[in-house]
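Reader: Hi! I'm new to this one. Could you walk me through it?
Author: Happy to, let's open it up.

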Amino acid sequence: MNAPTTRRLTVAQALVEFLAHQYTERDGRRHRLINACWGIFGHGNVAGIGQALLESGDALPYLQGRNEQAMVHAAVGYARQCDRLSAQAVTTSIGPGATNLVTGAALATVNRLPVLLLPGDVFATRSADPVLQQLEVPSAGDVSVNDALRPVSRYFDRVTRPEALIPAALQAVRVLADPVDTGAVTLALPQDVQAEAYDWPEEFFADRVWRVARPAPDAAALAEAVQAIRGARRPLLIAGGGVHHSEAEEALRAFADATGIPVASTQAGKGSLRHDHPADVGGIGHTGTATADALAREADLVIGVGTRYTDFTTASSTLFAAPGVRFVNLNIAPFDAHKLGAASLVADARAGLEALTGALSGHRVAAAYEVGYRAAKEEWERRVDAAYGAADDSVRPSQTQVLGALDGIVDDTDVIINAAGSLPGDLHKLWRARSRRQYHLEYGYSCMGYEIPAAIGVRLAAPDRPVWALVGDGTYLMNPTEIVTAVQEGVNITVVLIQNHGYASIGGLSEATGGERFGTAYRFRAGDGTYTGAPLPVDLAANAASLGMDVLRAATVGELRAALVKARGANRPTCVYVETETADTVPGAPDAQAWWDVPVAETATRPAAVAAREAYDRHAAGRRRHL
């Protein structure tokens, strides 16, 4: 009998070789599972993973980042643009390099987006103990800072012996490719183990295809859902991010065309229908449109497709107010399908929608219901036009007028990226999504600093699409350094930097909850702790230019339009800088159409907080549990 063929490689070399041969496949189309590896090197990965990536060449391309958290954001942006069928890895040193991954890992897992994290770890052999940057825990010798990644990872393993890599690597890619379980996956790699050689079976390096199935709904569950939909007089469908991940947009359009059921969208699901589809009623929830939220309050049946029902979507359990309202949830994850006491269809979004459309043949909502929501949609569009428009091109633009100017130049190919601040609310209410992946809002974790690195990841996944990172001054100051990465790698993104001298979103929330905008402005601080006087003398446009971007300054609406057109045609990373008008007299986005639960102090001495608590109690009285 011939001995099994083996190859002698280090653990790091074996892992890189293994990753280069992993694929996903859906609908007969194959995708490279791990497309590239981001890395910042230090002790813990420079002589292990770093050396292995150098040897691998194009087998696993290397991308250089400037901040570990940002590298995860870039990888997440890439994975989302690829419908979770392709992902990227991130390698770091031990110590702060590893702990900087935690926020990005949480973002990936919350949003159910795959990323492979490869942090270095302390010596498995304890030959150097404590090593530089090692956290010593007197009560546990097997703990390192990488254990901070356990609660934010969908899979975690520490590879303390070479042979342990085989089951660990297989489990890691299984989770990455699983649409139910995916998120951040962490393989902690002790630096001595990375460099250790082992005789690996050749089978470990064979091409391996992880098929992403489209499970169909159970027949009995489908029949129950169909009966509920046929019996509903005022049904509403909520499209979540699962519609995009499943590439179910055409199936959703066919469902809406056949049934006339209106479609609202979460932040992750916006764009599931084009904005001009007759059944599209816009965003839902706290940042939703008046049209969608009014329908939600009166709906007797809510059909959730690929949504996990966050508090923004449900208006903190106050939005679905009709007596006896029931839910039908179509979701590939049983955990989400069973929320709100729903009749659950555990299935792929596309397969489930196709099954529903077929089973509902001949069924359509009442004509009066369609006429009503379409008229409300037209009225909302007039409010959007008012928020977007400017009577005079020579005035300083408001934030919504910035969005209006951008809306006037983009087409179906552009991608708009945002994550935090006041922009997500304005975009959810106002943006007219033209294509399935145009609207890219990270609102599961709403992480400031996501936008610029995510734009790099999206552009790497879609090099022919114009990519816009929309950032306020607060978000920009959180994480601007990946501009250098975009310049170095020649990744042509456009940053629209909106300067309003503070945290506009949190400032508004602070005011609404009795906090009187404390600590939310970028202005000089007086002795009593208040912020007064002129804005701080900082020049963020000059900062972007110093990091290598071409910068276009726009002082007026007219200059802004011209700058956006020029930036869209640029062939290198470009920043459009605009200072916005914040005066109350300037039209802005319509107010929130639904509540959001942020508890207010039950006892206070300042009148603003007392009044805010009274308003809070009134809203909270409308909360209900759907069982």
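Author: We can talk about salt bridges, and then about a pair of helices; keep in mind that this is a predicted model.

Reader: Sounds good. How many salt bridges does the structure hold?
Author: There are 38 salt bridges in it. Side chains of opposite charge can pair when their charged atoms come close.

Reader: Which residue does Asp414 form a salt bridge with?
Author: Its partner is Arg568, and the closest N and O atoms of the two are 2.7 Å apart. Asp414 sits in the loop between α16 (399-407) and β18 (415-418), while Arg568 belongs to helix α23 (residues 557-568), so this bridge ties together parts that are 154 residues apart in sequence.

Reader: Nice. Is Asp414 buried or exposed?
Author: Asp414 is buried, because its relative accessibility is 0% and the cut-off for buried is under 20%. Arg568 is partly exposed, at 29% relative accessible area.

Reader: And what about Arg364, what does its side chain meet?
Author: The side chain of Glu370, in a salt bridge of 2.9 Å from N to O. Here Glu370 is buried, with a relative accessible area of 9%, and Arg364 is partly exposed, at 37%.

Reader: Got another one? Where in the chain are Asp550 and Arg572?
Author: Sure: Asp550 and Arg572 form a salt bridge, with their closest N and O atoms 3.0 Å apart. Asp550 is in strand β24 (residues 550-554) and Arg572 is in the loop between α23 and β25 (574-579), so the pair links distant parts of the chain, 22 residues apart. As for accessibility, Asp550 is partly exposed at 35%, and Arg572 is partly exposed at 27%.

Reader: Which residues are joined into one network by salt bridges that share partners?
Author: That network is made of Asp27, Arg214, Asp348 and Arg350.

Reader: OK, switching to helices. At what angle do α1 and α6 pack?
Author: At about 35°, with 11 Å between the axes of α1 (residues 11-19) and α6 (residues 165-176).

Reader: Is their crossing left-handed or right-handed?
Author: The crossing of α1 and α6 is right-handed.

Reader: Which residues meet there?
Author: From α1 come Val11, Ala14, Leu15, Phe18 and Leu19, and they meet Leu165, Ala169, Leu170 and Val173 of α6.

Reader: How many of the residues in that contact are nonpolar, polar or charged?
Author: The contact of α1 with α6 has 9 nonpolar residues, no polar ones and no charged ones.

Reader: Great, thanks for the tour!

Definitions and conventions:
Residues numbered from 1 in each chain as written. Predicted model: local features only at pLDDT ≥ 70, side-chain atom pairs only at ≥ 80, totals over all residues. Heavy atoms only, no water. Salt bridge = Lys/Arg side-chain N within 4 Å of Asp/Glu carboxyl O. Buried < 20%, exposed > 50% of the residue type's maximum accessible area, 1.4 Å probe, protein only. Helix = DSSP H or I, 4+ residues; strand = E, 2+ residues; numbered from the N terminus. Axes fitted to C-alpha atoms, helices over the stretch in contact; angles between N-to-C directions. Left-handed = near helix turned anticlockwise from the far one by under 90°. Contact = heavy atoms within 4.5 Å. Nonpolar A, V, L, I, M, F, W, Y, C, P; charged D, E, K, R; others polar.
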